[in-house]
Every structure is written in C-alpha cells, then in structure tokens.
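Welcome! Here are some short exercises on charged side chains, each with a worked solution. Have a look at the structure, then try each task before reading on.

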Amino acid sequence: MDIDIDGKKLSNLSKINVLLGKNGAGKSSLLRHFDERKRQLPEFGQGRYITPERGGQLIYQGNIETNMLQDPTCSTRRSNRYDNFRQMSVTEFRRLETLVLRKIEQDPIARYNAAFTFETVLVSINELLDNVCVVRTTDTGFAIRGKTTDTARDPVTLSSGESELVSLGIEILAFSYTADSTPEKNSYLFLDEPDVHLHPDLQARLVKLLTRAVADRNITVVIATHSTAILGALREHKDARVGFLQYGQSETDFVEIGESLQRVLPIFGAHPLSNIFNQTPILLVEGEDDERIWQQATRSSQSKLLIWPCSAGDIQTLDQYENEVESIAGAIYDNAKAFSLRDRDDHPYEIDDKAIVKRMRLYCRAAENLLLSDDVLASLDTDWPKMIEAMNDWLVKFESHPQRDVMNRFKQSNYDRLQSDVKPLRNIFMMLAGSQKPWEVAVGQAIAGLLSGPPKEGDHSLTRYLGPKLINFLDLRFRRRFGSSRTSRYALNARPK
C-alpha cells in the first residue's frame, strides 16, 4: 500500500512500518501531515497520531476528559510536546474499558468466549511492567499497585519509563478496539518516537503488545524512531518493513527486513542516540573466518582497537551488507563511520568508498596469507626460512596427503606467500609452526600486537599485508610515550600496485 498526500509519499507499506531518521529529518512533520489529512488516506476508517514528548501524570482530571469530548480529533496532541498526555491516557483507559465491554456485548464470538474479559486485556498492559501493575477501580478508572507488595503507589512516584509504558499500552489498545468500529476500512496509527524514556528491553515489550493488538485488525502502523531496538524487535515479524528518511526527501520506500539487515542490526546498538556506533564502528568482512580474526584482534587489543566485526557470509553478499549499513547509518547518525574489508584475490588493490562505508581490500591475496607474514610467524616462535624448511620436509613425508598438490603449487610459485592461494593450507601451516592455536586466533593476536609494540618492517610485514588503507582507517599504529606514533613505512607510504 502507498500513501501519497500533497507530494509526500510512503511507498510499499505493510502492516507495521518503521521510519528511521535523524533529528531534523522530518519524521514528526511527516506523521502529523498525514494525521491532519487522515480522511485522504486510502480506505480510511480510524486514525491516531501519538506525539513524541508525552508529559503529565497518570491521574484522572475531569477537565481533560471534557476537553477530549470537545476535541474528538485530538488536534492538541499533534504538538511535539503535550504536557497533559498521560492524564488523557487515563481517560483513554476508561474508554478502553467501555470498548472492550461493548465488544463482549455485541460480538457473539467474544461473548461466548469465557476466557475473554477486560481483565485479560489488562494483563497485556501489566506484562509490560516489572514492579507495578494497573488495577481497575470504580471511580477514576485504575490505580497503581506494587506487583510483589500489593501496596498502593502514587502515580507521581512512578519512573518515567513505567508511566510511559502504561500510557502507551493504553493508547495502543484503545485505538485497536476503536478500529473494530470500522473493520471493513483501514485504520492508521502513527506512533512518534515510542522509545522515549524506555530501556531497549522495554521497547521490545511494547513492540510485542503492539503486534498482538493489530494482528487481526485492518490497521497500518507507522513508527517514527531513532531506535534500532524497535526495529530489532520486529526483525523476524513477517508484516514489518523499514524505511529510511533523509532531510528534504519527499518519498520513502519501505523494504522488508531481510537476512542482511537482521545480521547488521544488533551491531548498531540498542539506542543510537548514545552515538556509541561512531565510537565503535562496524567492520563488514566476507566470512566467519575473517570475523573471528577481527573479534580476536579487538579482544587482544585491550580496547585500543574499537570495531564491531560482522560477517556478510561471502563476497557476493558483501555489497548488499554495505548498502544496508549505508541506509541505516545515514538515517540515524551524524558523521557516521563504517568500514568494509574484503580479500584482494585477483583484483586490483584500489577500491572506491561509498558515502559512509570506507571500503578496503587486503594488500595480500586473502586473510589466510596474513598467517605467513613475518609478524604472525614471529608470534608463533618461528620465521620464514624455518617454514620453508618445514614445508619441504612435509612434501617429502606426506606424498598422499589431500593437500599435497596445493602445497606443491605453492612451492612452484617460489613460495609466493603474498599472492598465492594458500587457503587450503592454513591448518597445515599452524601444525608446521608447532602451534595448536586456531589460525584465526594467531592472526588476530598479531594484529592487536601492532598496537602494543613496534611492528616488523619489510615487504612481508603484517602492516604491508594488511595494506595502507586499512592501517590508516583503523589506526593500527603502535603508540609510543607522549602520544607519538610509529608504524611501518610500508603501511603509511607504500603505493599499492
């Protein structure tokens, strides 16, 4: 489904749609625009916009209910901050109770379902809360009590997160039952930053309530947010889609949350407003071996190397992952940083960057070749002359080994450890070096070692094999005292071929 009103368009909407965008991108303005013109929406039945700054207390005030009756369109709630929002939610609770009881009275299926009562609806709100619960009262609608102590709680003593959950839970459920009055038409719920004041775990609980509330109803939800936690909570929901809004953009296309996006999302963190992502940017790599190398490098660096490695699975999907990172990072971060690393194989070393993702190739053929660099060999208490001697002995002793032909081709290349395809030999190299470590661990530890001591120099140094672009972007330089730095002249000054 598409929404197109006055030149502002949302394309390919599904039941639940997440609109990601930075502050100032125009998310709130867009949702308010559609709410103000809700009767122009396709097959319009009911509509509701929920503002991002929801102030007030969970107390009943008669004048608030009067104002709501006088303003059935709730136009006052379209401002970015509405100080009496939660008082209105208390009135909405009273309306929710009426709607549920009316459904039981008028719907034969609901009426004869003994398990369906207003108390079962109340349970869905209380599942959001850890320490308090909502209970019905005979006067103002509901009261708050401690879950374990059953003692009364003054609403003003609730945390902002608890108040937010109660308020949003009521609003969502009340709207879903309101939509039952026009089941043949499409109703629209515009949720503006429901993540405000909520811990990521609580955001996930709210998403669970939302998906249940709209599951069997003809409702389209559009959620404007900065939070990837909300998107993450929906990543396996078949009716969920995501769109990325940039400033000045008139049309936003929503796409399914595919496998690559599901893999990338957890790395973006629960709430990007902390800007942690820019401090610890993602590093996309080809496969799981590469991911293990860089995971080990980050662990062994003792927080000197700050990256989040993420495997794309293979080289064919790496471009897709880069595009996903471009979309997410561009929509929620200022000055976003992200990196992508691939094997060189038979390609030229040079590769163009994307707008956000800095793309790199290893200077050597593949990650396995890093194992034969002087730095890694030294970390295994061996060197290249000893390895050549060990490989020659191995060829004599293991004439029937499945990898003998590969090793023989390596020898015929004059043991070109920079550019030969040595992938099938990686475990043999570790055995010949006398180490029982996984080869990825050895390489990762050596990469981290570049930050803690002077690196090797020369054509077969680890800095040379990694390549100058990677060394510079990830700042893999040994820091001397007083903040000066030193790295191999090959890393900083080499002109790749």
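Glu-286 sits in the loop between strand E15 (282-285) and helix H11 (288-300); helices (H or I, at least four residues) and strands (E, at least two) are DSSP runs, numbered from the N terminus. This is a predicted model: local features need pLDDT of at least 70, side-chain atom pairs count only at pLDDT 80 or more, and totals for chains, interfaces and linings use all residues. Residues are numbered from 1 along each chain as its sequence is written, and side-chain values use heavy atoms, leaving out hydrogens and water.

**Exercise 1.** Find the side chain of opposite charge nearest to Glu-286.

*Solution.* Start with the charges: Lys and Arg count as positive, Asp and Glu as negative, while His and the chain ends are not counted. The nearest opposite charge belongs to Arg-342, 5.9 Å away. Glu-286 has no salt bridge, a term for a side-chain nitrogen of Lys or Arg within 4 Å of a carboxyl oxygen of Asp or Glu. Glu-286 is nevertheless buried (buried means under 20% relative accessible area, exposed over 50%, partly exposed in between; 1.4 Å probe, protein chains only). Finally, look at the backbone: the nitrogen of Asp-343 lies 2.6 Å from a polar atom of the Glu-286 side chain.

**Exercise 2.** Work out which parts of the chain are tied together by Asp-6 and Arg-37.

*Solution.* First, the contact: these two side chains meet in a salt bridge, 2.8 Å from N to O. Next, the places: Asp-6 lies in the loop between strand E1 (3-5) and strand E2 (8-11), and Arg-37 in the loop between helix H1 (27-36) and strand E4 (44-50), so the pair ties together parts 31 residues apart in sequence. Last, the surroundings: Asp-6 is exposed at 55% relative accessible area, and Arg-37 is partly exposed at 26%.

**Exercise 3.** Locate the partner of Arg-292 and decide whether Glu-440 is buried or exposed.

*Solution.* Arg-292 forms a salt bridge with Glu-440, with the closest N and O atoms 3.0 Å apart. Arg-292 lies in helix H11 and Glu-440 in helix H17 (residues 439-449), so this pair ties together parts 148 residues apart in sequence. Glu-440 counts as buried at 8% relative accessibility, whereas Arg-292 is partly exposed at 35%.

**Exercise 4.** Find how many salt bridges the whole structure holds, and name a network of them.

*Solution.* A search of the whole structure gives 27 salt bridges. Arg-48, Glu-92, Arg-95 and Glu-171 are linked in a network.

Terms used
A polar contact is a pair of N or O atoms within 3.5 Å; within protein, one must be able to donate a hydrogen and the other to accept it, and residues adjacent in sequence count only if both atoms are side-chain atoms.
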